[in-house]
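Grab a pencil and open the viewer. Below are some exercises on how the pieces of this model pack, each with a worked solution.

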Amino acid sequence: MISSVTLNNGAKMPIVGIGTWRADQGKATEVVKVAIRAGYRHIDGAYVYQNEKDVGVGIRAVIDEGLVQREDLFIVSKLWCTCHLPALVRGACEKTLSDLQLDYLDLYLMHFPMGAKPGDDIFPLDEHDKLISDGSDFLDTWEAMEELVDAGLVKAIGISNFNKDQIEAILNKPGLKYKPATNQIECHPFVTQEKLINYCHSKGISVTAYSPLGSPDRPWASSDDPSLLEEPRIKAIADKYNKTPAQVLLRFHIQRNVIVVAKSATPHRIKENFQLFDFELSENDMKTLMSFTEKRVFSLDWASTHKDFPLNAEY
């Protein structure tokens, strides 16, 4: 039985999920099938990844095979920035459900706190390459997302890339119906997120880590960026447990009670990244993993002038 984190709606969210970002050209179908066959039950997707139809084909295939039933799976998607105006929220969710061939999502996240100009352009940028705002308030977007829970389209709602003040704004919203179930954030030894994780946990909000391996395949990586997978201290810890650096980096989150989304398109790595429950990192190794200099992978430059840009706050 894979261990899970109990969300504030009582649902159990498997602590390890398979990520589908940048699983393109029809690869997402295979990734999902391999992952579910390897034991994964939590699938993390998003409208902006533009592969939800392929993800849906993968899910449908393993259900049709009789390998799992829908209720065995925990499926997550995310509302994109261009659909923050309350009138657009339900249509965006229904489009995701239709692409995934599902009747409901287990969890639907607001991908970013920033609302962007609606339309076909996924990244509506101005002449300075900055996100064009739709003038929306994420509290109104949240209210529209609460209606999705009441309509039975989603079991839980959450947020992603929100800072403490933005979370506080939701929690203090008059008439709040549902608290965020999780906050999905960049998290790994170069961005440990200690304060934000402690804050979220203190409010009954789980945390999900994305880019736990530092997104080594990100398109904007430069050759002199430090690599987590190549970091000698991390490799030394991996050798000690006879594990891969990736397995150590994923186990790091589990021991902090943080849900983690691992992404790979390689079948043997997908399987390897799930073998995390037969070892435990020592307190000293955890300290080492918490001791690196901060280096964000996602600086969100494209949104740095937006009123709801989350990364100017301390955490």
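**Exercise 1. Work out how α5 and α6 are oriented to each other.**

Solution. α5 and α6 are roughly parallel to each other, a label used for angles under 35 degrees (over 145 is roughly antiparallel, 65 to 115 roughly perpendicular, and the rest oblique). Before going on, a word on ground rules: this is a predicted model, where local features need pLDDT of at least 70 and side-chain atom pairs count only at pLDDT 80 or more, while totals for chains, interfaces and linings use all residues. Residues are numbered from 1 along each chain as its sequence is written, and side-chain values use heavy atoms, with hydrogens and water left out.

Step 1: get the angle. α5 and helix α6 (residues 194-202) pack at about 15°, with their axes 11 Å apart. Axes here are lines fitted to C-alpha atoms, for helices over the stretch in contact, and angles run from 0 to 180 degrees between N-to-C directions. Helices (H or I, at least four residues) and strands (E, at least two) are DSSP runs, numbered from the N terminus.

Step 2: get the hand. The α5 and α6 crossing is right-handed, meaning that the near helix is turned clockwise from the far one by less than a right angle (anticlockwise would be left-handed).

Step 3: list who meets whom. From α5 come Lys164, Ile167, Glu168 and Leu171, and they meet Leu196, Tyr199 and Cys200 of α6; contact means heavy atoms within 4.5 Å. Sorted by class, that gives five nonpolar, no polar and two charged residues. For the classes, Ala, Val, Leu, Ile, Met, Phe, Trp, Tyr, Cys and Pro count as nonpolar, Asp, Glu, Lys and Arg as charged, and the others, Gly among them, as polar.

**Exercise 2. Now do the same for α4 and α5: at what angle do they cross?**

Solution. Step 1: the axes of helix α4 (residues 138-150) and helix α5 (residues 164-171) come within 10 Å and cross at roughly 55°. That is why α4 and α5 count as oblique to each other.

Step 2: α4 passes α5 in a right-handed crossing. Phe138, Leu139 and Trp142 supply the α4 side, and Gln166, Ala169 and Ile170 the α5 side. The split for this contact is five nonpolar, one polar and no charged.

**Exercise 3. How many residues of α8 are buried, and what covers them?**

Solution. Step 1: count. In helix α8 (residues 245-254), 10 of its 10 residues are buried, where buried means under 20% relative accessible area, exposed over 50%, and partly exposed in between (1.4 Å probe, protein chains only). Among them are Gln247, Arg251 and His253.

Step 2: find the cover. It includes β3 (16-19), β9 (206-210), α7 (232-241), β10 (259-262), α9 (267-272) and α10 (283-289).

Step 3: zoom in on one piece of that cover. The α7 and α8 axes come within 8 Å and cross at roughly 95°, so the two are roughly perpendicular to each other. Here Ile234, Lys235, Ile237 and Ala238 in α7 meet Pro245, Val248 and Leu249 in α8. You get six nonpolar, no polar and one charged.

**Exercise 4. Which residues touch the most other members of the largest nonpolar core?**

Solution. Step 1: a nonpolar core is a set of buried Ala, Val, Leu, Ile, Met, Phe, Trp, Tyr and Cys residues joined through side-chain atoms within 4.5 Å. The largest one has 86 residues, and Ile59, Leu105, Tyr108, Val154 and Leu281 touch the most other members.

Step 2: look around Tyr108. Skipping neighbours within four places in sequence, its contacts include Leu79, Ala92, Met145, Leu148 and Val154. Apart from this core lies another, of 17 residues, including Met114, Leu131, Tyr210 and Phe309.

**Exercise 5. Is Asn183 buried or exposed, and where does Asn161 sit?**

Solution. Step 1: Asn183 lies in strand β8 (residues 182-186). Asn183 counts as buried because its relative accessibility is 0%.

Step 2: check its contacts. Ignoring residues up to four places away in sequence, Asn183 touches Asn161, Phe162, Ile167, Leu196 and Cys200, among others.

Step 3: follow that to Asn161, which is found in the loop between β7 (157-160) and α5. Asn161 is buried as well, at 9% relative accessible area, and has a positive phi of about 60° although it is not a glycine.
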